Structure formats: structure tokens, C-alpha cells
Amino acid sequence: MRRTHRILISALAAGALSTALVACSSPEGDDDPEAPDSETTEEATTEPAEEETDAGAMGDVDLATAETSLGEVIVDGAGMTAYYFSNDVPDSGTSACEGECLVNWPPITTESETPTVEGVTAEVGTITAADGSLQVTVDGRPIYLFVGDAAPGDVNGQAVQDVWWVIAPDGTEIGN
């Protein structure tokens with residue numbers, strides 16, 4: 001049920017992305033980290049993950065790893081790429097992504113305070129999100145999805161506004 005819910009939310013979020021991109025578009029030079037940079041997202045090319053990463057392939061795993069055009073990265077249980085937000089303070093217990101930011105960058109959540117992981121060597125935990133859900137953390141930093149990623153293996157959120165970064169299995173940011 002939870003996987004079906006995530007897929008439905010992803011589909012709805014993709015539709016919301018086009019609305020949000022139009023509604024949140026800003027003049028050139030605006031450094032709003034919540035709004036996707038269309039130039040960056042167009043430049044980020046993606047290749048499908050080599051291994052099957054659909055919702056059924058990972059079972060009840062909250063986080064795993066998958067191959068992308070940027071190398072091996074952390075993904076959620078549905079195989080979607082996880083991102084760090086540079087404005088988050090490690091071990092603060094809070095997320096700096098609020099309001100409209102959460103429309104484009106939904107948190108990766110879990111049902112358990114001890115998320116189930118496969119292949120992730122970084123420390124994984126949780127914080128309480130603004131809506132009361134448990135948001136997954138990697139090395140004390142909250143992690144997110146990007147609504148511009150339509151399929152497993154997509155990395156369209158990489159380097160958006162120079163504050164959103166794909167995460168390696170050991171918890172380090174993957175740079176450009």
C-alpha cells in the first residue's frame with residue numbers, strides 16, 4: 001500500500017512540477033534554491049539504472065543504491081534518486097526545506113525510526129518532518145526526492161541552484 005501511495009504521489013507531483021515551474025519561475029540570476037534551474041535540469045542527462053529498481057524489486061527497503069549516469073547513488077524504496085539540500089544543517093534535527101520547497105523536493109519518509117537499508121554504508125536515521133512524518137536522514141542530513149525525476153535512474157535534480165546534490169552510498173555529496 002505504501003509503495004502504491006508513493007507512486008501515486010510521484011505521478012501527482014510530476015503534474016504539479018509543471019505548474020510549479022511556471023508559477024515559481026523567476027528572473028535570470030535569482031538564487032532561489034527552491035525553484036529548479038531549467039538550464040541545470042536540461043543539462044543533466046540520465047540513463048536508466050542497470051539493475052531493476054521498480055517498486056516491487058526492492059521489497060520493503062526504505063533506502064538502497066542504484067547505478068545512474070553519476071555513478072552509484074542512494075535511492076528510495078521505489079528506486080528514485082535521493083538528494084541533499086545544502087541549506088540543511090547536519091544533526092540539527094530539522095529540515096530547511098519548507099513551504100514551496102517541499103512541493104518540488106518532497107522528503108523521503110519512512111514508517112520506522114530505524115529505516116531498512118540495502119547497500120548504504122552511511123549512517124541512516126530519521127527526524128520528525130513538519131507534517132509529523134518520519135523523514136529519513138543520511139549522516140544526520142534530511143534527504144529528499146525531486147519531482148523532476150520521472151523514473152528510477154533520473155538525476156535531474158543534481159546541482160539545481162548549486163544547493164541540491166545526489167548522495168553516494170557512503171553519504172558524501174556527488175559533485176558535478
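The following exercises, each with a worked solution, concern a predicted model of a protein.

**Exercise 1. Overall composition**

Determine how many helices and strands the protein has, in what pattern they follow one another, and what share of its residues is buried.

Solution.
Step 1. The secondary structure consists of 3 helices and 9 strands.
Step 2. Along the sequence these elements follow the pattern α-α-β-β-β-α-β-β-β-β-β-β.
Step 3. The protein has 176 residues, and 47% of them are buried.
Step 4. The accessible surface comes to about 8600 Å², and carbon and sulfur atoms account for 50% of this area.
Step 5. Consider next the contacts between residues at least 6 apart in sequence: 67% of them join residues at least 24 apart.

**Exercise 2. The hairpin of β1 and β2**

State how β1 and β2 are paired and through how many residues the hairpin joins them.

Solution.
Step 1. Locate the two strands: β1 covers residues 63–68 and β2 covers residues 71–76.
Step 2. The strands pair in the antiparallel sense, with 6 bridges between them.
Step 3. A hairpin leads from β1 to β2 through 2 residues.
Step 4. One of the bridge pairs sets Glu 67 against Glu 72 in β2.
Step 5. Glu 72 also takes part in a side-chain contact: a polar contact of 3.0 Å joins the side chains of Glu 72 and Thr 65.
Step 6. Thr 65 belongs to strand β1. Its relative accessibility is 11%, so Thr 65 counts as buried, the cut-off being under 20%.

**Exercise 3. The open sheet**

Give the order of the strands in the open sheet and identify its edge strands.

Solution.
Step 1. The sheet holds 3 strands, in the order β3-β8-β9, and their pairing is antiparallel.
Step 2. β3 and β9 (173–174) each pair on one side only, and they are the edge strands.
Step 3. As general background, the strands of a sheet pair through backbone hydrogen bonds, in either a parallel or an antiparallel sense.
Step 4. Between β3 and β8 there are 3 bridges.
Step 5. Phe 85 stands opposite Trp 164, a residue of β8.

**Exercise 4. The nonpolar cores**

Describe the largest nonpolar core and name the strands that each supply at least two of its residues.

Solution.
Step 1. The largest nonpolar core contains 19 residues.
Step 2. The residues with the most contacts inside this core are Tyr 83, Phe 85, Cys 97, Trp 105, Tyr 144, Trp 164 and Val 166.
Step 3. At least two residues of the core come from each of β1, β2, β3 (83–85) and β8 (164–167).
Step 4. Apart from this core lies another, of 14 residues, including Leu 63, Ile 74, Ala 82 and Val 138.
Step 5. In general, nonpolar side chains of soluble globular proteins tend to be buried together.

**Exercise 5. The disulfide**

Identify the residues joined by the disulfide, and decide whether Cys 97 and Cys 101 are buried or exposed.

Solution.
Step 1. The count comes to 1 disulfide.
Step 2. This disulfide joins Cys 97 to Cys 101, with an S to S distance of 1.9 Å.
Step 3. The angle about the S-S bond is -110°, and the link is left-handed.
Step 4. Cys 97 counts as buried because its relative accessibility is 3%. Cys 101 also counts as buried, because its relative accessibility is 0%.

**Exercise 6. Two residues with a positive phi**

Locate Asp 139 and Ala 159 and give the phi of each.

Solution.
Step 1. As general background, most residues other than glycine have a negative phi.
Step 2. Asp 139 is not a glycine, yet its phi is positive, at about 50°. Asp 139 lies in the loop between β6 (134–138) and β7 (141–142).
Step 3. Ala 159, likewise not a glycine, has a positive phi of about 65°. Ala 159 is placed in the loop between β7 and β8.
Step 4. Asp 139 has a relative accessible area of 32% and is therefore partly exposed, whereas Ala 159, at 6% relative accessibility, counts as buried.

**Exercise 7. The contacts of Thr 110**

Find what the side chain of Thr 110 contacts.

Solution.
Step 1. Thr 110 is in strand β4, residues 109–110.
Step 2. Thr 110 is buried, its relative accessible area being 6%.
Step 3. A polar contact of 3.0 Å links its side chain to the side chain of Asp 62.
Step 4. The side chain of Thr 110 also reaches the backbone nitrogen of Ser 112, at 3.3 Å.

Key:
Residues numbered from 1 in each chain as written. Predicted model: local features only at pLDDT ≥ 70, side-chain atom pairs only at ≥ 80, totals over all residues. Heavy atoms only, no water. Core = buried A, V, L, I, M, F, W, Y, C linked by side-chain atoms within 4.5 Å. Buried < 20%, exposed > 50% of the residue type's maximum accessible area, 1.4 Å probe, protein only. Helix = DSSP H or I, 4+ residues; strand = E, 2+ residues; numbered from the N terminus. Pairing = 2+ DSSP bridges. Polar contact = N/O pair within 3.5 Å; in protein donor to acceptor, adjacent residues only side chain to side chain. Disulfide = S-S within 2.5 Å. Contact = heavy atoms within 4.5 Å. Areas by Shrake-Rupley, 256 points an atom, 1.4 Å probe, with all protein chains shown as cover.
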